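Colleague: I am new to this structure and would like a close look at a single part of it, the sheet, together with what surrounds it. Could you take me through that part step by step?

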Amino acid sequence: MEIANTELLHKEGCRLLELQIQLLRKMTDTEGLLSHADKTQKRSMDIERAHNDIQIMEGELSKLENLDMVLAVIGTMKSGKSTTNNAIVGLEVLPNRNRPMTALPTIIRHTPGQKLPVLRFCKNVVINEFISLLGKKLATVEGDKLLSIADQKEDLQKVANAISSGMDIRSEYHEEQGIFDFLKSLNDLVRLATALELDFPFAEFRSSEELPIIEVEFQHLRDNKEAHGRLSLLDTPGPNEEGQFALKPMMKEQLRRASGVIAVLDYTQLKSESDAEVRRELLDIAEVAKGRLSVLVNKFDQKDRHSDGISEVKSLVANELLKGQISEDDVYPVSSRYAYLANRARTELALNGQLPNAEKHLWVEDFAEEGLGRRWQKDISDIEKVNDAIECLWEESLFDLPLKRVIHRAHSQAAMMAIEMSNTFDLIRCKP
């Protein structure tokens, strides 16, 4: 579509959203027009519903004004969801740990020129108020008893000690370590709240702009000049992460409003009985994300000569697990680990002209062993051999196809898809 037509639709979409917000505000301000929510009487609109819709629509208006195209990335623990996000970005913006780390959905926004990641969190005050509430509960006899019988109580005691020492969540964190510290603190607070039988304030985070936002330039989009919008990944908690039950309504809404959804599955667990819950979750997601779902089958590098190949995996996921709700062409067997290591090394060369010290940066040794072999020390300073290793690892990752079909296409079409999502969600759903 021509840029002029896109701009026209953009302005009209913003205008209609603004009118809808104004109308809802007028309804809430008119005395006696709306009542408070009543469980005994079902109403199409009440004061609480109107305020909730206004908050959501203001977030959608912000997304439309910036022509935001959001790709939600979902996956279970150990499927490699964080590694997949890091592979797309080219830096370790999300920590790879055995323990779940995504307490709140987190936006990772492609920001041209932002070489090192920075995390911004506009609602840190809400979390700090909740920390104060946790501190008061810990000071009671009941709180002390609950902490003493909690799972992993030694870890939670460290969090409790941090709270008593004046723990504070800031509005901004810089580079990989700062972002890791923030995400770990948030996850620890959710776990402690569960142990103390307190509700974490998930309901305060309805709009994408209220979530933690990591801004960084994506390596593979650095030279892409075609886009007329802004691409973001939405990292979501997995179904087995702490607090997920309380998050489900919010997450369903976030998935419904996302321009696209990427599901990350574990190749080694596709036929496992223990993964039955994952399959049920995936079917639910496919229903919510009709026509917008792509599946990355991660850990395909663990395939051996007795395992299913690419065509078998595509057929299994599309036709059996998802019962024909997506095309086989939307299923991509990949190695996110290989892709991350290759893209991370490529980013370092682009930014600094060489790889960092392997003793201080453990990923360098992982890259070197996979790409250069066991005798990597003698070749790690040879830029030509490093570049060859990057290309070989990237090719073996099979990540190039989904990157081009899903990520590059999403970036190039961000403006148009942002407009489409604003029309299909709020302008229809919230009409009084």
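Modeller: Before any strand is described, it helps to settle one term: two strands are said to pair if DSSP finds at least two bridges between them. What you have in front of you is a predicted model, and everything below should be read with that in mind.

By that criterion, strand β2, residues 106-110, pairs with strand β6, residues 230-235, over four bridges and in the antiparallel sense. Within this pairing, Ile-107 has Leu-234 of β6 as its bridge partner, while Arg-109 is matched with Ser-232 in the same way. β2 also pairs with β5, again over four bridges, but here the sense is parallel, and Ile-108 stands opposite Ile-214 in β5. In general, the strands of a sheet pair through backbone hydrogen bonds, and they do so either in parallel or in antiparallel fashion.

How well covered is β2? Five of its five residues are buried, so the strand is mostly covered. This holds for both faces, with Thr-106, Ile-108 and His-110 buried on one side and Ile-107 and Arg-109 buried on the other.

Stepping back, β2 belongs to an open sheet of nine strands with mixed pairing, and the order across it is β4-β3-β5-β2-β6-β1-β7-β8-β9. The edges are formed by β4 (172-174) and β9 (331-333), each of which pairs on one side only. From one strand to the next, the twist averages 20°.

Helix α3, residues 81-89, packs on this sheet and touches β1, β2, β5, β6, β7 and β8, with a direction that makes about 165° with that of β6. Another helix, α10 (residues 310-321), lies across β7, β8 and β9, and it runs at about 140° to β9.

Two of the loops that lead into strands of the sheet deserve a careful look. In the loop between α7 (175-195) and β5 sits Glu-197, which has a positive phi of about 60° although it is not a glycine. Lys-323, in the loop between α10 and β9, likewise is not a glycine and yet has a positive phi, of about 50°. Most residues other than glycine have a negative phi. Glu-197 counts as exposed because its relative accessibility is 58%, and Lys-323 counts as exposed because its relative accessibility is 60%.

Further along the chain comes helix α11, residues 336-352, in which 13 of the 17 residues are buried. At 1.5 Å a residue, this helix should span 24 Å, and its end C-alpha atoms are 23 Å apart, which agrees. α11 is followed by Gly-353, whose phi is positive, near 80°.

Finally, helices α12 (residues 362-372) and α13 (residues 383-397) pack with their axes 9 Å apart and at an angle of about 80°, which means that α12 is roughly perpendicular to α13. On the α12 side, the residues that meet α13 are Phe-367, Glu-370, Gly-371 and Leu-372, and their counterparts in α13 are Lys-385, Val-386, Ala-389, Ile-390 and Leu-393. The residues of this contact divide into six nonpolar, one polar and two charged.

Terms used. Residues numbered from 1 in each chain as written. Predicted model: local features only at pLDDT ≥ 70, side-chain atom pairs only at ≥ 80, totals over all residues. Heavy atoms only, no water. Axes fitted to C-alpha atoms, helices over the stretch in contact; angles between N-to-C directions. Parallel < 35°, antiparallel > 145°, perpendicular 65-115°, else oblique. Contact = heavy atoms within 4.5 Å. Nonpolar A, V, L, I, M, F, W, Y, C, P; charged D, E, K, R; others polar. Buried < 20%, exposed > 50% of the residue type's maximum accessible area, 1.4 Å probe, protein only. Expected span 1.5 Å × (residues − 1).
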